[in-house]
Amino acid sequence: MWLRRKDKPEPPFGMPLEPVVKPMGYSDINECWRLDQRCFSDGEAYDRETLRYLLSHNKSFCYKVISTSNEMLAFIIGMIEPDDTGHVVALGVAPEQRRKGFAMQLMDAVESSFLKSGITTVRLEVRTSNDGAQRLYAKLGYGIIRRMPHYYTSGDDGYLMVKYF
Ligand SMILES: CC(C)(COP(=O)(O)OP(=O)(O)OC[C@H]1O[C@@H](n2cnc3c(N)ncnc32)[C@H](O)[C@@H]1OP(=O)(O)O)[C@@H](O)C(=O)NCCC(=O)NCCS
């Protein structure tokens with residue numbers, strides 16, 4: 001029989017026992033915006049208008065990781081582009097929640113959605129200086145296709161990374 005420790009209070013009905021991946025919708029916009037600001041404090045965070053567009057687009061797949069108290073810990077936004085490629089538009093994990101596998105779980109969720117829609121090529125952009133994210137994507141099978149000079153508004157270069165299923 002499975003017993004809970006007495007010093008660990010039961011979560012309220014309907015709350016998860018551990019962080020879980022759930023679809024993210026338009027109603028999550030404020031929490032997503034706040035988390036995005038924390039993840040991309042370098043000025044590359046999205047404004048509300050862009051997030052509104054992304055979250056309500058009929059070809060976007062958006063997921064979040066929520067804590068046992070329903071707090072957003074991480075999020076991902078993927079979109080099917082007009083050329084029928086999947087595009088990972090944004091991925092962010094709260095700074096204090098990193099290296100727990102949340103980004104891997106979110107990438108899995110978004111890639112599964114792409115695959116179910118018949119998408120066989122997925123692309124994303126990453127700063128050339130963002131070693132951590134590049135390692136994550138390489139682990140998932142993404143390869144660098146080319147360098148994009150001054151891709152970011154800060155003037156930083158980016159890499160285009162692609163995965164073929
Ligand atoms: C990049 C980011 C999304 C990774 O999220 P995460 O939840 O910490 O990643 P995971 O725990 O799923 O990591 C999976 C694997 O990716 C690699 N990895 C992830 N972050 C890494 C880092 N900072 N340094 C080295 N490797 C890293 C590791 O191989 C890791 O496996 P391990 O922990 O067993 O070694 C997160 O650091 C983040 O939100 N950064 C700021 C925003 C950002 O850069 N987003 C991506 C823009 S393209």
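In this predicted model, Asn70 sits in the loop that links E2 and E3. The phi angle of Asn70 is near 70°, a positive value in a residue other than glycine. Asn70 counts as partly exposed because 13 other C-beta atoms lie within 10 Å, and a residue needs 20 or more to be called buried. A second loop, the one between E4 and H3, holds Arg99. Arg99 also has a positive phi, about 60°, although it is not a glycine. With 8 other C-beta atoms within 10 Å, Arg99 is exposed, since the cut-off for that class is 12 or fewer.

Attention now turns to the strands. Strand E3 covers residues 72-80 and pairs with E4 in the antiparallel sense, over 7 bridges. One bridge to look for joins Ile77 to its partner in E4, Ala90. Together, E3 and E4 form a hairpin with 5 residues between them. Asp84, in the turn of this hairpin, has a positive phi of about 65°. E4 also pairs with strand E5, residues 121-127, this time in the parallel sense and over 3 bridges. Here His87 has Arg123 in E5 as its bridge partner. To get from E4 to E5 the chain crosses through H3, and this β-α-β crossover is right-handed. How enclosed is E4 by the rest of the structure? Of its 8 residues, 8 are buried, so E4 is largely enclosed by the rest of the structure.

The next topic is the nonpolar core. In soluble globular proteins, nonpolar side chains tend to be buried together. The largest nonpolar core of this model has 33 residues, of which Tyr63, Phe75, Ile76, Leu106 and Val110 touch the most other members. At least two residues of this core come from each of H1, strand E2 (60-66), E3, E4, H3, E5 and strand E7 (158-164). H3 is the element that gives the most, with 7 residues. Ile76 is a good residue to follow through the model. Beyond its neighbours within four places in sequence, Ile76 is in contact with Cys62, Tyr63, Val88, Ala90, Leu91, Leu106, Met107 and Val110.

Helix H1, residues 29-39, includes Ile29. Is Ile29 buried, exposed or partly exposed? Ile29 has 16 C-beta neighbours inside 10 Å, so it counts as partly exposed. When residues up to four places away in sequence are not counted, Ile29 touches Arg48, Leu51, Arg52 and Leu55. Ile29 and Ser56 are 27 residues apart in sequence, and their C-alpha atoms are 9.8 Å apart in space.

Finally, there is the ligand. Around it are 19 residues, and those that come nearest are Arg98, Ala103, Met104, Gly132 and Leu136. Strand E4 (86-93), helix H3 (102-116) and helix H4 (131-139) are the elements that give two or more residues to this shell. Which element supplies the largest share of the shell? The answer is H4, with 5 residues. By type, the residues of the shell divide into 10 nonpolar, 4 polar and 5 charged. E4 and H3 thus appear in two places in this description: each supplies at least two residues of the largest nonpolar core, and each gives two or more residues to the shell around the ligand.

Notes: Residues numbered from 1 in each chain as written. Predicted model: local features only at pLDDT ≥ 70, side-chain atom pairs only at ≥ 80, totals over all residues. Near = placed C-beta within 6 Å. Helix = DSSP H or I, 4+ residues; strand = E, 2+ residues; numbered from the N terminus. Nonpolar A, V, L, I, M, F, W, Y, C, P; charged D, E, K, R; others polar. Pairing = 2+ DSSP bridges. Right-handed = clockwise from strand over helix to strand, strands pointing away. Contact = placed C-beta atoms within 7 Å. Core = buried A, V, L, I, M, F, W, Y, C linked by C-beta atoms within 7 Å.
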